[in-house]
Amino acid sequence: MGGMNMEAPARKLLKVVSIIYIVIGYTSLLISIVSIGGANFWAGGMRGLRGELVVIFIAVVCLALGASITVIIIGKMGLSRCGNVEKADFFITTGTVLMVLIGLGVVASIIKGNFNGLPLFGSILPLLYISGGQKNRDAANEAPPPEPQEADASQLQQEADASQLQPETDASQLQQQSDDTPLQ
């Protein structure tokens, strides 16, 4: 495969999607942190059952923090890999995993009876990751194999020196050498 030297046809698309993931991740992270502060403020005056609800709320916000950090990591990893056609499988795999998670969310919301179209909107970015990854994979598969590199002068000299250290001699060469040496 061509690697970093080959132009990745979906580089710009994957870069934009990765930047969007990073922005969404940091925005979500900020909202989660503010929500924890609000929950702690709200819990300050609460006792009994409402206090237990605040604990549940904080647990959900902590899960949102984890999801935010995951989205930031996905975006940064995508940003570092978007120009390398050899890393196309990252985008295809990540997009597929995200689509499965979105699908599970859709199924859960249908079962609960409160489905809306928002999860379908959320599937746009993973689909773009899959599409861009597939374009880069196709480019990597169509690339001609890399040409063999010519040996440089130092490598040729090392090979010549190595062959002089281990001369190949057989009986006919030894006989010829003994015939050529004058007797004294």
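Helix α3 has 25 residues, which at 1.5 Å a residue should span 36 Å, and the C-alpha atoms at its ends lie 37 Å apart, which agrees. This helix belongs to a predicted model, in which the secondary structure of the chain comes to seven helices and zero strands. Of the 184 residues in the chain, 24% are buried, and among the contacts with a separation of 6 or more, 84% join residues 24 or more positions apart.

**Overall composition**

- Read along the sequence, the secondary structure elements follow the pattern α-α-α-α-α-α-α, in keeping with a count of seven helices and zero strands.
- The accessible surface of the chain comes to about 13000 Å², and carbon and sulfur atoms account for 64% of that surface.

**Helix α3 and its surroundings**

- Helix α3 covers residues 88-112, and its buried residues are Ala88, Phe90, Phe91, Ile92, Thr94, Gly95, Leu98, Val106 and Ser109.
- Valine 100 is placed in this helix, and together with Val97, Leu101 and Leu104 it forms a nonpolar patch on the surface, the four residues having about 380 Å² of accessible area together.
- Just after α3 comes glycine 113, which takes a positive phi of about 85°.

**Serine 123, in a loop**

- Serine 123 sits in the loop between α4 (118-122) and α5, and because its relative accessibility is 10%, below the 20% limit, this residue counts as buried.
- When residues up to four places away in sequence are not counted, serine 123 touches Met99 and Ile102.
- Serine 123 and valine 100 are separated by 23 residues in sequence, and their C-alpha atoms are 9.7 Å apart in space.

**Helix α5: a buried face**

- The 19 residues of helix α5 (residues 124-142) should span 27 Å at 1.5 Å a residue, and the C-alpha atoms at the two ends of the helix are 27 Å apart, which agrees.
- The buried residues in α5 are Leu125, Pro126, Tyr129, Gly132, Gly133, Asn136, Ala139 and Ala140; seen down the axis of α5, the buried residues fall within an arc of 145°, so they line one face of the helix.
- On the other side of α5, Asn141 and Glu142 are exposed.
- Asparagine 136, found in helix α5, has a relative accessible area of 0% and is therefore buried, the limit being under 20%.
- With its neighbours within four places in sequence left aside, asparagine 136 is in contact with Ala8, Pro9, Ala10, Arg11, Leu14, Cys82, Val85 and Ala88, and of these contacts Ala88 is also one of the buried residues of α3.

**Salt bridges**

- The count of salt bridges in the model comes to two; in general, side chains of opposite charge can pair when their charged atoms come close.
- One of them joins arginine 137 to aspartate 89, with the closest N and O atoms 2.5 Å apart; this pair links distant parts of the chain, since arginine 137 is in helix α5 and aspartate 89 is in helix α3, 48 residues apart.
- Arginine 137, with a relative accessible area of 30%, is partly exposed, and aspartate 89, with a relative accessible area of 42%, is partly exposed as well.
- In the other salt bridge, the side chains of glutamate 7 and arginine 11 meet at 3.9 Å, N to O.
- Glutamate 7 counts as exposed because its relative accessibility of 56% is over 50%, whereas arginine 11, with a relative accessible area of 28%, is partly exposed.
- Arginine 11 also appears among the contacts of asparagine 136.

**Alanine 64, in helix α2**

- Alanine 64 is found in helix α2, which covers residues 49-81, and with a relative accessible area of 27% this residue is partly exposed.
- With its neighbours within four places in sequence left aside, alanine 64 is in contact with Ser28 and Ser32.
- Alanine 64 and isoleucine 31 are 33 residues apart along the chain, and their C-alpha atoms are separated by 9.2 Å.

Key: Residues numbered from 1 in each chain as written. Predicted model: local features only at pLDDT ≥ 70, side-chain atom pairs only at ≥ 80, totals over all residues. Heavy atoms only, no water. Patch = residues over 30% accessible without salt bridge, like charges linked within 9 Å, V, L, I, M, F, W, Y side chains within 5 Å. Areas by Shrake-Rupley, 256 points an atom, 1.4 Å probe, with all protein chains shown as cover. Helix = DSSP H or I, 4+ residues; strand = E, 2+ residues; numbered from the N terminus. Expected span 1.5 Å × (residues − 1). Buried < 20%, exposed > 50% of the residue type's maximum accessible area, 1.4 Å probe, protein only. Arc of directions from axis to C-beta. Contact = heavy atoms within 4.5 Å.
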